[in-house]
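The exercises below are meant to be worked with the sequence and the model side by side. Try each task before reading its solution.

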Amino acid sequence: MKTKTLPPWKVGELASRTGMSVRALHHYDEIGLLVPTLRTPSGHRLYQQSDVERLQQIQSLRVMGIPLDEVKRLLDGAEMTPRKVIDLHLARLHEHIALQNRLAERMETLATHMDRVEATSIDDLCQIIQAMTTTEKYFTAEQLEVLRDRRTSITEEHMKEVRDSWNEIIPKVRDAMSANVDPTSPEILAIAKRWKALVEEFTGGDPKIAEAVKTMYQHEGPVLQQQLGEVPTQEMFVYMSKAFVALKK
């Protein structure tokens, strides 16, 4: 049975075990980032378990893109424990996974669009990219996941019904505002109920997603109107908010 070799290790063995280069380990020693705890009588470096643990922390922080001088400052500070380094690395990995998932969603959207048309113009591509970039500014990764799940669960036919509903509601609200119709009138309250039902269906009843949708429309109205057609304006949100308050009474 082969005996497992434990530290202390010479620099060559540590390099072999970890995939690091001897040159990198020498450099870490020279800048005081990873100074081996022990030395042989002839001056050769010897690394023990605590040194290996620090090397793991160094590499975790390096993977996050943190410069070596900043890595040294963090690890030499009392607040940076080995567990905190692991937690930081995990958080960054989850961010990376979320980013890759969003990239995959973009590619799937583009692939679906290409399947539906014979040729995709540069304008089409730019609009797709602009639409996806816009949504990412206002929703968290978790909220985008919820919205993606809800979208995939809805048929194309139902999506058309939803779009038709908004195309009917928004002009009615615009006309009512122009005519100075009281937002608490029975006519507008009926519209408010339909509006509320459509929002709840889209957001799954999540108030934070609903607020993010509202903020997106308020800031990106012209862009979204170009992409989607009829969309609510800031003035409409103010007007309809009075109807929503009246519905709760």
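**Exercise 1.** What covers the buried residues of H2?

Solution. Two sentences on conventions come first. The model is predicted, with local features needing pLDDT of at least 70 and side-chain atom pairs counting only at pLDDT 80 or more, while totals for chains, interfaces and linings use all residues. Residues are numbered from 1 along each chain as its sequence is written, and side-chain values use heavy atoms, with hydrogens and water left out.

Step 1 is to find the buried residues of H2, which are Leu25, Tyr28 and Asp29; buried means under 20% relative accessible area, exposed over 50%, and partly exposed in between, with a 1.4 Å probe and protein chains only. Helices (H or I, at least four residues) and strands (E, at least two) are DSSP runs, numbered from the N terminus.

Step 2 is to look down the axis: the buried residues of H2 cover an arc of only 100°, which puts them on the same side of the helix, the arc being that of the directions from the helix axis to the C-beta atoms. The face of H2 turned away from this buried side carries the exposed residues Arg23 and Glu30.

Step 3 gives the answer: the cover of the buried residues of H2 includes H1, S2, S3, H3 and helix H4 (68-76), where contact means heavy atoms within 4.5 Å. After H2 comes Gly32, whose phi is positive, near 80°.

**Exercise 2.** Which residues of helix H1 (residues 11-18) are buried, and what covers them?

Solution. The buried residues in H1 are Val11, Leu14 and Ala15. Seen down the axis of H1, these buried residues fall within an arc of 100°, so they line one face of the helix. Their cover includes strand S1 (9-10), helix H2 (22-30), strand S3 (45-47) and helix H3 (49-63). Just after H1, Gly19 takes a positive phi of about 80°.

**Exercise 3.** Describe the sheet and place it in the overall pattern of the protein.

Solution. Begin with the inventory, which is 11 helices and three strands, following the pattern β-α-α-β-β-α-α-α-α-α-α-α-α-α along the sequence. The three strands form an open sheet in the order S1-S3-S2 with antiparallel pairing, two strands being paired if DSSP finds at least two bridges between them. S1 and strand S2 (38-39) stand at the edges, each with a single partner strand, so one side of each is left without a neighbour in the sheet. S1 and S3 run antiparallel and are joined by two bridges; at one position, Trp9 has Tyr47 in S3 as its bridge partner.

**Exercise 4.** Which residues touch the most other members of the largest nonpolar core?

Solution. A nonpolar core is a set of buried Ala, Val, Leu, Ile, Met, Phe, Trp, Tyr and Cys residues joined through side-chain atoms within 4.5 Å. In the largest such core, of 28 residues, Phe139, Val173, Ile188, Trp195 and Met240 touch the most other members. The elements giving two or more residues to this core are helix H7 (141-152), helix H8 (156-178), H9, helix H10 (207-228) and H11. A second, separate core has 21 residues, including Trp9, Met20, Tyr28 and Leu74.

**Exercise 5.** Trace the aromatic pairs made by Trp195, and state how far apart in sequence the partners lie.

Solution. The structure holds three aromatic pairs; rings of Phe, Tyr and Trp (its six-membered ring) pair if their centres lie within 6.5 Å, with planes under 30 degrees apart counted as stacked, over 60 as edge-to-face and the rest as tilted.

Step 1: the rings of Trp195 and Phe237 have their centres 6.0 Å apart and their planes at 75°, so this pair is edge-to-face. Trp195 lies in helix H9 (residues 186-203) and Phe237 in helix H11 (residues 234-248), so the pair ties together parts that are 42 residues apart in sequence.

Step 2: Trp195 and Phe244 also form an edge-to-face pair, at 6.1 Å centre to centre and 70° between the planes. This pair links Trp195 in H9 with Phe244 in H11, 49 residues apart.

Step 3: compare accessibility, noting that Trp195 is buried with a relative accessible area of 3%, whereas Phe244 is partly exposed at 23%. Ring pairs link Trp166, Trp195, Phe237 and Phe244 into a cluster.
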